[in-house]
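Here's a walk through a few spots worth looking at, going from single residues out to strands and domains. Keep the viewer open while you read.

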There are 2 protein chains.
Amino acid sequence: MSKVYNFSAGPAVLPAEVLERARDELVDWHGSHMSVMEMSHRGKEFMSIAEKAEADLRELMKIPDNYKVLFLQGGASSQFSMVPINLLRGNSKADYIWTGAWGKKAIAEGKRYCDVNVAASSEAEKFTTIPDPSGWSLDADAAYVHYTPNETIGGVEFHWIPDVGDVPLVADMSSTILSRPIDVSKYGVIYAGAQKNIGPAGLTVVVVRDDLIGQPVDGQPVMFDYATHANNDSMYNTPPTYGWYFAGLVFEWLKDKGGLEAISMINHRKASALYKTIDDSGFYANPVDPDCRSWMNVPFTLADPELDATFLEEAKQEGLVTLKGHRSVGGMRASIYNAMPEEGVAALIDFMGEFEKRHG
Amino acid sequence: MSKVYNFSAGPAVLPAEVLERARDELVDWHGSHMSVMEMSHRGKEFMSIAEKAEADLRELMKIPDNYKVLFLQGGASSQFSMVPINLLRGNSKADYIWTGAWGKKAIAEGKRYCDVNVAASSEAEKFTTIPDPSGWSLDADAAYVHYTPNETIGGVEFHWIPDVGDVPLVADMSSTILSRPIDVSKYGVIYAGAQKNIGPAGLTVVVVRDDLIGQPVDGQPVMFDYATHANNDSMYNTPPTYGWYFAGLVFEWLKDKGGLEAISMINHRKASALYKTIDDSGFYANPVDPDCRSWMNVPFTLADPELDATFLEEAKQEGLVTLKGHRSVGGMRASIYNAMPEEGVAALIDFMGEFEKRHG
């Protein structure tokens with residue numbers, strides 16, 4: 001087996017070219033005789049790495065000047081608290097759109113800080129769709145509206161941006177950030193754990209409109225105040241320097257690929273081909289409303305669940321790994337983030353066809 | 001210049017052998033065709049990495065079974081909040097021993113949660129010593145006693161463990177953990193940012209006695225409750241997997257070096273040689289009480305501060321880098337953590353002698 005395609009939902013596959021470059025630079029970064037891991041975060045070498053990463057991310061996402069970009073720790077799970085802590089600003093109410101497992105976690109943590117209004121939910125449809133916005137019970141006085149543009153477990157994705165008027169829109173983009181162009185100006189806060197489309201786990205990127213910074217709930221950790229980080233260029237304390245560096249390499253790679261327009265076309269092709277294979281088969285099935293199928297995470301089941309173990313074992317023999325579905329939904333899941341090459345998806349599609357012929 | 005010795009206070013030098021191994025394994029870990037960064041944290045490959053790292057740390061530090069070891073994010077700055085959040089347990093008072101800049105930060109954050117009693121301080125001595133314990137005003141009813149065994153900026157280190165009776169003792173060991181054997185059973189909580197003696201920035205190791213877990217202050221982030229992590233083997237959310245892996249390589253390296261007894265003898269030799277050079281010179285000076293000079297961070301000044309820039313420039317020419325003292329104290333600082341080889345300290349000592357001859 002010479003090649004492996006890793007369909008993990010996260011931590012996930014990283015671009016091969018980036019891994020090779022990181023390897024080549026690991027012991028001695030650019031003739032400094034130091035690893036990036038060994039550099040003071042306040043030294044000129046690391047500062048240049050940090051600044052370039054932010055500049056490249058701003059360019060890729062076209063982030064307006066009135067947004068801060070923060071390189072933090074703690075994952076989306078920390079943002080579930082940081083969002084209410086920072087965005088309530090004296091208000092006691094927030095709206096949440098609930099379309100899956102991650103939304104549920106955000107809601108649970110939000111309830112520790114405010115009255116959560118679940119303005120829309122697809123729970124009755126087992127999170128296989130997105131409720132029509134005409135039926136959302138948004139509160140014009142809510143401090144913010146939180147949603148999850150891509151649900152990693154259910155494989156449900158928004159292919160549009162909710163219109164929530166003047167209320168700040170907050171998005172947990174962990175599993176969809178950088179998969180396509182988005183209009184950042186529509187958002188109050190965008191956050192994402194790095195371990196899907198950005199880099200190694202342990203880095204969290206937060207893009208926050210600057211007028212939303214500076215009025216945190218009293219008596220909360222100083223590290224959970226966006227101002228702590230915004231006022232110190234994400235260096236109030238030692239940042240996760242290696243993750244920040246690695247993210248910068250991924251941003252460069254994305255620019256070399258042609259940016260978010262280009263990667264979005266590739267992502268669309270990869271997802272379309274895989275969904276077509278599933279739909280055309282009569283053997284594989286995906287339960288999600290076609291209008292909101294995820295480009296990033298494709299869950300599917302086999303006609304006979306008894307074959308699941310065989311599928312996984314034979315796939316592994318072909319170098320197709322980490323395809324087991326999340327324990328809460330079963331079946332399979334192919335996560336096909338930016339770094340999954342089209343050849344990987346093609347290999348999976350070939351294997352699925354062969355498997356169906358033999359077992360279908 | 002073929003070799004560089006990096007005296008950064010953190011992120012700091014890492015063992016050369018560990019960096020080389022990490023490089024060799026970066027793209028393909030043990031024939032898995034995956035980088036450690038790409039592995040699901042719940043997969044068997046990463047689980048084996050995580051478990052071995054914890055087992056090795058337990059062996060190195062002789063951590064008793066009634067202590068949990070947590071692999072977290074957020075640095076010591078997050079622990080400044082997590083300690084009161086978890087250890088107050090209905091109490092409203094805590095004691096802090098103040099011996100430098102990091103203790104000051106811990107106290108400032110502690111005050112957001114409770115009545116802080118500064119039971120001892122060396123502020124009047126400009127943090128060049130440790131107050132004699134006979135004069136400490138400890139409160140037997142305090143929820144805990146917090147101290148900083150090594151102050152990275154001032155270069156002041158406890159070479160003994162405070163006796164605080166039955167009150168849980170809490171230590172910010174960021175810059176001294178693993179530098180020598182310690183009796184973990186004397187502590188309630190030990191925490192350390194990784195970026196000095198453990199591995200890359202972005203990982204925080206917490207060792208906490210299990211009876212202190214589970215009574216957090218209400219209304220605080222779920223991520224700041226030790227129980228959240230202790231009950232999920234530090235995988236409540238995606239942990240900083242690469243840092244955890246790298247820490248495991250450092251723990252293996254330490255075991256190969258003979259463990260903490262062996263490294264402590266090396267550390268003592270390195271520090272003694274450097275302090276002797278300073279004291280014998282009449283040109284260099286270290287202001288710290290000899291009884292509490294740090295083995296890890298050695299600040300020193302030149303007889304003529306006008307020579308500082310020349311010293312730094314000439315040192316750099318010799319491959320001795322990141323020697324500039326912290327802006328709050330000026331002068332020089334040589335951080336000589338576990339990974340700084342004795343040859344590095346010898347090279348610095350040689351250079352200091354040469355520099356004194358030319359400029360003294």
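## Starting from one asparagine

Leaving aside its neighbours within four places in sequence, A:N267 is in contact with A:S179, A:W295, A:M296, A:I336, A:Y337 and A:N338. Before going on, note that this is a predicted model. Its scores are ipTM 0.97 and pTM 0.98, and chain A averages a pLDDT of 97, with 99% of the residues at 70 or above. As a rule, predicted coordinates should not be read in detail where pLDDT is low.

Back to the asparagine. A:N267 sits in helix α7 of chain A, which covers residues 259-281. Is A:N267 buried or exposed? A:N267 counts as buried because its relative accessibility is 0%. One of its contacts, A:S179, also offers a polar partner: the side chain of A:N267 reaches the backbone oxygen of A:S179 at 3.0 Å.

## Two domains in chain A

That contact fits into a wider picture. The domain assignment splits chain A into domain 1 (17-256) and domain 2 (258-359). How far apart do the C-alpha centres of the two domains of chain A lie? They are 27 Å apart. Where the domains meet, 26 residues of domain 1 of chain A are in contact with 26 residues of domain 2 of chain A. The size of an interface is often given as the accessible area lost when the parts come together. For domain 1 and domain 2 of chain A, the area buried between them is about 2,100 Å², and 58% of it is on carbon and sulfur atoms.

## A glutamine that reaches the other chain

Next, find A:Q73, in the loop between β2 (67-72) and α3 (75-87) of chain A. A:Q73 has a relative accessible area of 11%, so A:Q73 is buried, the cut-off being under 20%. Its side chain has polar partners in both chains: a polar atom lies 3.5 Å from the backbone oxygen of A:T238, and one lies 2.7 Å from the backbone nitrogen of B:G74. Not counting neighbours within four places in sequence, A:Q73 is in contact with residues of chain A including A:G202, A:T204, A:N237 and A:P239. From chain B, its contacts are B:Q73, B:G74, B:G75 and B:G202.

## A phenylalanine in chain B

B:F246 is another residue with contacts in both chains. B:F246 lies in helix α6 of chain B (residues 241-256), and B:F246 counts as buried because its relative accessibility is 0%. Leaving out residues up to four places away in sequence, B:F246 touches A:M37 along with B:L14, B:V18, B:L19, B:A22, B:I198, B:G199 and B:P200. Take B:I198: B:F246 and B:I198 are 48 residues apart in sequence, yet 8.2 Å apart in space, C-alpha to C-alpha.

## Strands and their partners

Here are some strand pairs to trace in the viewer.

| Strand pair | Direction | Bridges |
|---|---|---|
| β11(A) and β12(A) | antiparallel | 2 bridges |
| β8(B) and β9(B) | parallel | 3 bridges |
| β9(B) and β10(B) | antiparallel | 5 bridges |
| β12(B) and β14(B) | antiparallel | 4 bridges |

In chain A, 3 strands form an open sheet in the order β11-β12-β14, with antiparallel pairing. β11 (284-285) and β14 (332-335) of chain A stand at the edges with a single partner strand each, so one side of each has no neighbour in the sheet. To find the β11 pairing, look for A:A285, whose bridge partner in β12(A) is A:T301.

In chain B, look at strand β9 (residues 189-193). Why is β9(B) largely enclosed by the rest of the structure? Because 5 of its 5 residues are buried. In a regular strand the side chains alternate between the two faces of the sheet. In β9(B), B:V189, B:Y191 and B:G193 are on one side and B:I190 and B:A192 on the other, and both faces are covered. On the β8 side, B:V170 has B:V189 as its bridge partner, while B:G193 stands opposite B:T204 in β10(B).

Strand β14 of chain B (residues 332-335) can be read likewise: B:M332 and B:A334 point one way, B:R333 and B:S335 the other, and all are buried. B:A334 is also the bridge partner of B:V298.

Technical notes. Residues are numbered from 1 along each chain as its sequence is written. Chains are lettered from A and ligands numbered from 1 in the order in which they are written. This is a predicted model: local features need pLDDT of at least 70, side-chain atom pairs count only at pLDDT 80 or more; totals for chains, interfaces and linings use all residues. Side-chain values use heavy atoms; hydrogens and water are left out. pLDDT is the predictor's confidence in each residue, from 0 to 100. Buried means under 20% relative accessible area, exposed over 50%, partly exposed in between (1.4 Å probe, protein chains only). A polar contact is a pair of N or O atoms within 3.5 Å; within protein, one must be able to donate a hydrogen and the other to accept it, and residues adjacent in sequence count only if both atoms are side-chain atoms. Contact means heavy atoms within 4.5 Å. Two strands pair if DSSP finds at least two bridges between them. Domain bounds come from an automatic or database domain assignment. Buried area is the accessible area (1.4 Å probe) that two parts lose on being put together, summed over both.
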